[in-house]
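Colleague: I am new to this structure and should be grateful for a short explanation of the terms applied to it. May I put my questions once it is shown?

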Amino acid sequence: MRPILMKGHERPLTFLKYNRDGDLLFSCAKDHTPTVWFADNGERLGTYRGHNGAVWSCDVSRNSMLLITGSADQSAMLWNVQTGQQLFTFNFDSPARSVDFSVGDKLAVITTDPFMGHTSAIQVKTIAEDPEDQIGESALVIKGPQGRINRAIWGPLNRTIISAGEDTIVRVWDSETGKLLIESEKEVGHKKPITSLTKSADGSHFITGSLDKSAKLWDTRTLTLIKTYVTERPVNAVTMSPLLDHVVLGGGQDASAVTTTDHRAGKFEAKFFDKILQEEIGGVKGHFGPINALAFNPDGKSFSSGGEDGYVRIHHFDPDYFNIKI
């Protein structure tokens, strides 16, 4: 399985996102410039210039027309995917961390970091059909818990928002009222900050990755813990195959700790686990530094990883992969 290496970022990768058709891959990095690539051959299509801080996350609308990005420059921007034109900027009092379009793309949830006396917050914005009509006000603001919210996504039918972050707790909020509906129990939950959160293709369950060297699978409606996957490194990124019962974890020590510990070349691998049996079934090596971002192509036939080393790697699976027997 030969990876396609894409060098388009000067700084570490932070987030990867495929569009719904799986033909485009969007990458975010600390170098201020989100980039879009052809997902099959890794050819760079273009960049989105306008942020002047690290870009932490992005999402793309169902019809692949709109891109939203959240940045450390205290803004979230809407872009025309095809032309790269900035359509609108949402300004905040603190860095924008996580962005996620609702089903139907009429709303977006954006989280903002604790900063200069502001607590973390979850903000819901209405997305206008015509960018000319776009407004900046939030339809709902939920004052967040202590510490940073690293990820917030929409639950089923946009009725809930699921958030997780530094305080290790997963929470489900009512997206209309902002009321807290359920939160994960301390006994079964993560012991260290949650770095990443990704839902399954059908939205019935989601997975969280944490610095406590584990990933956990949760039921979206009840927040029941279903499975736990244990690895030997902090987990920075998680994703699930839409085709097979496979979970992928990526991570490694913090960049600052890498020099003092074992860093054999390419030691940072994306580890594959059997979703049901919770057993590790393989790994894909390659990055020279921790993996910060993972995404599965919606067709399940390839996945991509983004690292601290500034590279995006696309891996198209060999036919053998689809016949793995445990």
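**Terms and their grounds**

Modeller: In this predicted model, residues 24 or more positions apart account for 43% of the contacts in the protein chain with a separation of 6 or more.

Colleague: What makes a pair of residues a contact?

Modeller: A contact requires heavy atoms within 4.5 Å. The figure of 43% thus refers to contacts of that kind with a separation of 6 or more, counting those between residues 24 or more positions apart.

Colleague: How many helices and strands does the protein chain have?

Modeller: The protein chain has one helix and 28 strands.

Colleague: Why is the protein chain called as compact as a globular protein of its length?

Modeller: The globule rule gives 20 Å for 326 residues, and the radius of gyration of the protein chain is 18 Å; the two values are close, so the description applies. Along the principal axes, the C-alpha atoms fill a box of roughly 50 × 45 × 40 Å.

Colleague: What share of the residues counts as buried, and what is the cut-off?

Modeller: Buried means under 20% relative accessible area, and 56% of the 326 residues count as buried. The protein chain exposes about 14300 Å², of which carbon and sulfur atoms supply 49%.

Colleague: Why is Q74 called partly exposed?

Modeller: The class of partly exposed lies between the limits of 20% and 50%. Q74 has a relative accessibility of 24%, so it counts as partly exposed. Q74 is placed in the loop between β7 (66-71) and β8 (75-80), and its phi is near 70°, a positive value in a residue other than glycine.

Colleague: Why, then, does L157 count as exposed?

Modeller: Exposed means over 50%. The relative accessibility of L157 is 60%, and therefore L157 counts as exposed. L157 lies in the loop between β14 (149-154) and β15 (160-165); it too is not a glycine, yet has a positive phi of about 55°.

Colleague: Where does UniProt place the feature "repeat: WD"?

Modeller: The unreviewed UniProt entry places that feature at residues 6-47, 48-89, 142-183, 187-228 and 284-314.

Colleague: What are the helix and strand contents over residues 142-183 and over residues 284-314?

Modeller: Residues 142-183 are 0% helix and 52% strand, with end C-alpha atoms 15 Å apart. Residues 284-314 are 0% helix and 65% strand, and there the end C-alpha atoms are 11 Å apart.

Key:
Residues are numbered from 1 along each chain as its sequence is written. This is a predicted model: local features need pLDDT of at least 70, side-chain atom pairs count only at pLDDT 80 or more; totals for chains, interfaces and linings use all residues. Side-chain values use heavy atoms; hydrogens and water are left out. UniProt positions are given in the numbering used here, feature names are shortened, and annotations may be inferred rather than shown by experiment. Helices (H or I, at least four residues) and strands (E, at least two) are DSSP runs, numbered from the N terminus. The radius of gyration is taken over C-alpha atoms; the globule rule is 2.2 Å times the number of residues to the power 0.38. Buried means under 20% relative accessible area, exposed over 50%, partly exposed in between (1.4 Å probe, protein chains only). Accessible areas come from the Shrake-Rupley method with a 1.4 Å probe; for residues, only the protein chains shown count as cover.
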